[in-house]
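Reader: Hey, I've just opened this one and don't know my way around yet. Can you walk me through it?

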Amino acid sequence: VKFHNNTKKKKNMACFQCVSSGNVGVIERFGKFSGIANPGVNIMLWPVFTIAQTMTLRIDQLTVDCETKTRDNVFVNVAVSVQFRVLREKVKEAAYQLSNPTQQIRAYVFDVVRSTVPQMDLDHAFESKENVAMSVKQQLEQAMGDYGYEIVQALVTDLTPDNRVRNAMNEINASKRMKEAATEKAEAEKILLVKAAEADAESKYLSGVGVAKQRKAIVDGLRESVSEFSEDVSGTGPKDIINLLMVTQYFDMLDSVGTHARQSTLFLPHSPHNIVALKNDLKNGLQEK
């Protein structure tokens, strides 16, 4: 909106110019910097004073993709995000000293990344992204502060090696995991075998103890039976009693074979008169040994 003051001659012309919130206007007087126009309505005495340009005070972000290589000769792509804004008290420097601030920031990021990452191995580079970001921020603060820019934050958002390197790293990691899994599986199988052997040994030990106690009980029973039978029946000796017990056990065996189905049995001569012969054969065989 322009206002004219018409008397005899046109002396001046005033106009209203608006500046949006979050921005400031750069006022020039005949092309020379004169001051700053705050957000809102500003009255300019045109053409003496004009708002040549507006500059935002909001935080802006620039993402820079930089390719470099590590100390172990692996090429990586490093993505750095720089957040920056214009300092209100240095609007003049920001407006007149740099024609392309984003290009300037990009150049500094390239310089820092390509001088820092080549000093690290690939694994170290992944672990030191925070250190790289801090180096970028410090370098930019020193360089861009004189031009009226504040570096709010610098972040290394991505560090990506070549696809073949990534595939190789994944294969190494997979092989390592498979090796650990195989080791754990072998260890588990070993534990199972050891526990099974221990259980088998314990079972055999207990079985042996049971058999020994059974035989001891049989011997004790036979001893008592022979002693009592000799005392109660006159004219009988231990030999007669043993023969009688063998006949009794013989008939018990026949009864067990006849009453249990699906039983594997070794058949020997089983007429009663053969019991004494079997006993004599066992006795003679043991004496020969």
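**Salt bridges and other features**

Author: Sure. Asp200 and Lys204 form a salt bridge, with their closest N and O atoms 3.3 Å apart. Keep in mind that this is a predicted model.

Reader: OK, and where do Asp200 and Lys204 lie?

Author: Both sit in helix 5, residues 163-232. They are four residues apart there, about one turn of the helix.

Reader: Are those two buried, partly exposed or exposed?

Author: Asp200 is partly exposed, at 39% relative accessible area. Lys204 has 56%, so Lys204 counts as exposed, the cut-off being over 50%.

Reader: How many salt bridges turn up in the whole structure?

Author: Five. One of them joins Lys137 to Glu141, with the closest N and O atoms 2.4 Å apart.

Reader: Why are Lys137 and Glu141 about one helical turn apart?

Author: Because they are four residues apart in helix 4, which covers residues 129-144. Lys137 is buried, with 17% relative accessible area, while Glu141 is partly exposed at 36%.

Reader: Why would side chains like that pair up at all?

Author: Side chains of opposite charge can pair when their charged atoms come close.

Reader: Got another salt bridge for me?

Author: Yes, the side chains of Arg71 and Asp121 meet in a salt bridge, at 3.3 Å from N to O. This pair links distant parts of the chain, 50 residues apart. Arg71 is in the loop between strand 7 and strand 8, and Asp121 is in the loop between helix 2 (101-116) and helix 3 (122-127).

Reader: And how exposed are Arg71 and Asp121?

Author: Arg71 is exposed, at 52% relative accessibility. Asp121 comes out as partly exposed, with 32%.

Reader: Let's stay with that loop between strand 7 and strand 8. Is Thr70 buried or exposed?

Author: Thr70 is buried, since its relative accessible area is 2% and the cut-off for buried is under 20%. Thr70 is in that loop too, which runs between strand 7 (60-69) and strand 8 (75-86).

Reader: What does Thr70 touch?

Author: Leaving aside neighbours within four places in sequence, Thr70 is in contact with Val76, Val117, Pro118, Met120, Asp121 and Leu122. Asp121 is also the salt-bridge partner of Arg71.

Reader: Anything odd about the backbone in that loop?

Author: Asn73, found in the loop between strand 7 and strand 8, has a positive phi of about 60° although it is not a glycine. Asn73 is exposed, at 54% relative accessibility.

Reader: Any other backbone quirks?

Author: Phe30 has a positive phi as well, about 55°, and is not a glycine either. Phe30 is found in the loop between strand 3 (23-29) and strand 4, and counts as exposed at 61%. There's also a cis peptide bond joining Trp46 and Pro47, with omega about 10°. Pro47 lies in the loop between strand 5 (40-46) and strand 6 (49-56).

Reader: Switching topic: how many aromatic pairs are there?

Author: Two aromatic pairs are counted. One of them is Phe33 with Tyr96: the ring centres are 5.9 Å apart and the planes are at 75°, so the pair is edge-to-face. The pair links distant parts of the chain, with Phe33 in strand 4 (residues 32-37) and Tyr96 in helix 1 (residues 91-96), 63 residues apart. Phe33 is partly exposed at 25%, and Tyr96 is partly exposed at 36%.

Reader: What about cysteines, how many disulfides?

Author: Zero. Cys15 is buried, with a relative accessible area of 9%, and Cys66 is buried at 0%.

Reader: Which residues make the nonpolar surface patch?

Author: Phe16, Val41 and Ile43 make it, and the patch is about 300 Å². Phe16 lies in strand 2, residues 10-19, and is partly exposed at 36% relative accessibility.

Reader: Last bit, zoom out for me?

Author: The protein has seven helices and nine strands. Buried residues make up 23% of its 289 residues. The accessible surface comes to about 20,400 Å², with 53% of that belonging to carbon and sulfur atoms. Among contacts between residues at least 6 apart in sequence, 62% join residues at least 24 apart.

Note on methods: Residues numbered from 1 in each chain as written. Predicted model: local features only at pLDDT ≥ 70, side-chain atom pairs only at ≥ 80, totals over all residues. Heavy atoms only, no water. Helix = DSSP H or I, 4+ residues; strand = E, 2+ residues; numbered from the N terminus. Buried < 20%, exposed > 50% of the residue type's maximum accessible area, 1.4 Å probe, protein only. Contact = heavy atoms within 4.5 Å. Patch = residues over 30% accessible without salt bridge, like charges linked within 9 Å, V, L, I, M, F, W, Y side chains within 5 Å. Areas by Shrake-Rupley, 256 points an atom, 1.4 Å probe, with all protein chains shown as cover. Salt bridge = Lys/Arg side-chain N within 4 Å of Asp/Glu carboxyl O. Disulfide = S-S within 2.5 Å. Phe/Tyr/Trp six-rings, centres within 6.5 Å; stacked < 30°, edge-to-face > 60°.
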